[in-house]
Amino acid sequence: MSEALQNSIEEITPSEWELMRIVWTKGQVYSRELIDLLQRKRKWSDSTIKTLLRRLVQKGLLATKKEDRRFLYTATISETDAMNGSAEQLFDHLCAMKKGKTLVDLVDHVTLTKGDIAQLQAVLASKAVDAPNQVQCDCLPDDCQC
């Protein structure tokens with residue numbers, strides 16, 4: 001993923017995430033349909049939604065194509081890539097020693113399918129083979145109090 005696209009993912013606002021989730025679900029969507037769908041969830045004006053669309057196009061996360069008098073929007077990044085990029089960016093800012101605890105807390109608060117749990121167990125089992133007993137703190141160069 002390009003650095004510019006990664007930076008754009010880091011800048012997605014909660015409102016923009018809502019809009020993007022609709023585009024990802026639909027695959028491609030005309031502006032009127034998108035506005036109608038968002039207005040079922042939120043009491044946003046047409047102009048607010050159009051502003052969000054314009055920002056996402058400027059960030060390079062949506063592509064738009066004019067068909068007659070309508071605009072068709074398509075995501076330029078997959079939902080999985082955007083979610084992974086956002087999660088990686090978040091974890092890049094956490095203390096290395098506390099990332100595991102944060103993951104445990106996330107797993108505890110998320111509804112998972114049996115398939116999700118099986119995949120997690122497989123990944124954890126493979127990581128357990130060569131996992132260190134302790135992860136070094138990376139907050140301060142020499143003296144960490146974590």
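User: How are helix 2 and helix 5 oriented relative to each other, parallel or antiparallel?

Analyst: Helix 2 and helix 5 are roughly antiparallel (angles over 145 degrees count as such). In this predicted model, local features need pLDDT of at least 70, side-chain atom pairs count only at pLDDT 80 or more, and totals for chains, interfaces and linings use all residues. Residues are numbered from 1 along each chain as its sequence is written, and side-chain values use heavy atoms, leaving out hydrogens and water. Helices are DSSP runs of H or I with at least four residues, and strands are runs of E with at least two, numbered from the N terminus. Axes are lines fitted to C-alpha atoms, for helices over the stretch in contact, with angles from 0 to 180 degrees between N-to-C directions. Here, the axes of helix 2 (residues 14–26) and helix 5 (residues 79–92) come within 10 Å, crossing at roughly 150 degrees.

User: Which residues of helix 2 and helix 5 meet?

Analyst: Contact means heavy atoms within 4.5 Å. Helix 2 brings Trp17, Arg21 and Trp24, while helix 5 offers Glu79, Ala82, Met83 and Ser86.

User: And the sheet: in what order do the strands lie?

Analyst: Strands of a sheet pair through backbone hydrogen bonds, either parallel or antiparallel. Here three strands make an open, antiparallel sheet in the order 1-3-2; pairing requires at least two DSSP bridges between two strands. At the edges are strand 1 (28–30) and strand 2 (62–67), each pairing on one side only. Strand 1 joins strand 3 (residues 70–75) over three bridges, and Tyr30 has Leu72 as its bridge partner in strand 3. Helix 2 packs on this sheet, touching strand 1, strand 2 and strand 3.

Terms used. Parallel < 35°, antiparallel > 145°, perpendicular 65-115°, else oblique.
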